[in-house]
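Thank you all for making the time this morning. I would like to talk us through the charged side chains of one protein, and I will put it on the screen before I say anything about it.

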Amino acid sequence: MSALAERDITIDSFVDAGAGSLARDVRSGLGRPPGERELQPKYLYDEHGSELFDRITRLPEYYPTRCERAILNRQAPGLVETTGARELVELGSGTASKTRALLYAMAGAGALDRYVPFDVDPSVVENCAHELTDLYPGLPVHGVVGDFQHHLGHVPAGERRLIAFLGSTIGNLLPSERGAFLAGVREMMGPSDRFLLGTDLLKEVGVLEAAYNDREGVTAAFNLNVLRVINRELGADFDLEAFEHVATFDPGPSWVELRLRARSEQRVSIPGADLELTLAPGEEIRTEVSTKFTLDVLARELASAGMELEAFFTDPAGMFGLSLAAPV
Ligand code: AVJ
């Protein structure tokens, strides 16, 4: 029997490939009046964008990934013990590099019954499934290809699950979307499940803004890449050189906002979205928000969704937070 035949991998897909939703989202986001134009952050992550994000996580200025990994490495064994988790559901699994600590602790405790990677990118889910079954032969993997804002209902039923949403990806959502997402998580939880949420924390503006304005310009390239995606997928003619990367902290909504600013007047045609766009010099397109949380806000938002904060872990400097929540 080949090694492959021994793998216990199931993958369910709920997102249709193709540019249909991109075209719709670009049309509705860029078709707005000046000052309100935006693109959704999920479109930053094509193959090149994911590579650039990977480089971001290793930049000296970008502390979140390192801090979260340090917390996980330290807390994983205790988390597995106190939650009694037997299954790991990872929402937005990405390359699953930080979850390794959780899986390792679960396997070490003889408590790893199943791994459920959930991501919008099918190749990510497939790679995760193969890497993890290489590491843990015989581990059942049930991957779900879906959008965590729409398809949480398709996560396979289970018990004693640790449902992890790491990397502060929740910070990309607008407040109303955040409420809906947390309610969706709560809805999929049974009494024995726990929710593990990674969030970047509010801190000095200088540190926050430096993390999104790195000296090497990797974040700028990452931000500009969304225009390359639209050029490729929708036949648009954005001139990447004509846009400047902007990232500033806004204390009102407590988020760092990524924008692309036109250096001069731009006339762009986006045939795939049936859109002709004129941008005035200095006009900006919002491409991402990255919310920075406090313990109070987290406890309140989890409570509104019907969850109770059971534990809150940070790194020694208090840069990043890991919340453990139970359904009430
Ligand atoms: C993956 C959404 C958590 O907001 O810090 C990093 C994305 N954007 N640098 C973040 C990102 C620019 C990142 N998240």
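Let me begin with the wording I will use for exposure: a residue is called buried when its relative accessible area is under 20%, exposed when that value is over 50%, and partly exposed in between. Please also keep in mind that what you see is a predicted model.

With those cut-offs, Arg-55, which has a relative accessible area of 40%, is partly exposed because that value falls between the two limits. The side chain of Arg-55 meets that of Glu-216 in a salt bridge, with a nitrogen-to-oxygen distance of 3.4 Å. This pair links distant parts of the chain, since Arg-55 sits in helix H2, residues 47-56, and Glu-216 in the loop between helix H7 (205-211) and H8, 161 residues apart. Glu-216, for its part, counts as exposed, at 59% relative accessibility.

How many salt bridges are there by this rule? The count comes to 23, and I will take up two others in some detail.

One of them is formed by Glu-301 and Arg-178, whose closest N and O atoms are 2.7 Å apart. Glu-301 lies in helix H9, residues 295-304, while Arg-178 lies in helix H6, residues 175-188, so this salt bridge ties together parts that are 123 residues apart in sequence. Is each partner buried or partly exposed? Arg-178 counts as buried, at 6% relative accessibility, whereas Glu-301 counts as partly exposed, at 22%.

The other salt bridge joins Arg-261 to Glu-244, and here the closest N and O atoms are 4.0 Å apart. Arg-261 belongs to strand E8, residues 255-262, and Glu-244 to strand E7, the two being 17 residues apart. Both are partly exposed, with relative accessible areas of 27% for Arg-261 and 30% for Glu-244. These two residues also belong to one network, in which salt bridges that share partners join Arg-32, Glu-38, Glu-244, Glu-257, Arg-259, Arg-261, Glu-284 and Arg-286.

Finally, let me turn to charges of one sign. Asp-237, Asp-239, Glu-241, Asp-274 and Glu-276 gather in a patch of negative charge on the surface. Within this patch, Glu-241 is placed in the loop between helix H8 (218-234) and strand E7 (243-250). Glu-241 is exposed because its relative accessible area, 68%, is over 50%.

Terms used: Residues are numbered from 1 along each chain as its sequence is written. This is a predicted model: local features need pLDDT of at least 70, side-chain atom pairs count only at pLDDT 80 or more; totals for chains, interfaces and linings use all residues. Side-chain values use heavy atoms; hydrogens and water are left out. Patches are made of residues with over 30% relative accessible area and no salt bridge: like charges are joined within 9 Å, nonpolar side chains (Val, Leu, Ile, Met, Phe, Trp, Tyr) within 5 Å. Accessible areas come from the Shrake-Rupley method with a 1.4 Å probe; for residues, only the protein chains shown count as cover. Lys and Arg count as positive and Asp and Glu as negative; His and the chain ends are not counted. The place of a charge is taken as NZ of Lys, CZ of Arg, CG of Asp or CD of Glu. Helices (H or I, at least four residues) and strands (E, at least two) are DSSP runs, numbered from the N terminus. Buried means under 20% relative accessible area, exposed over 50%, partly exposed in between (1.4 Å probe, protein chains only).
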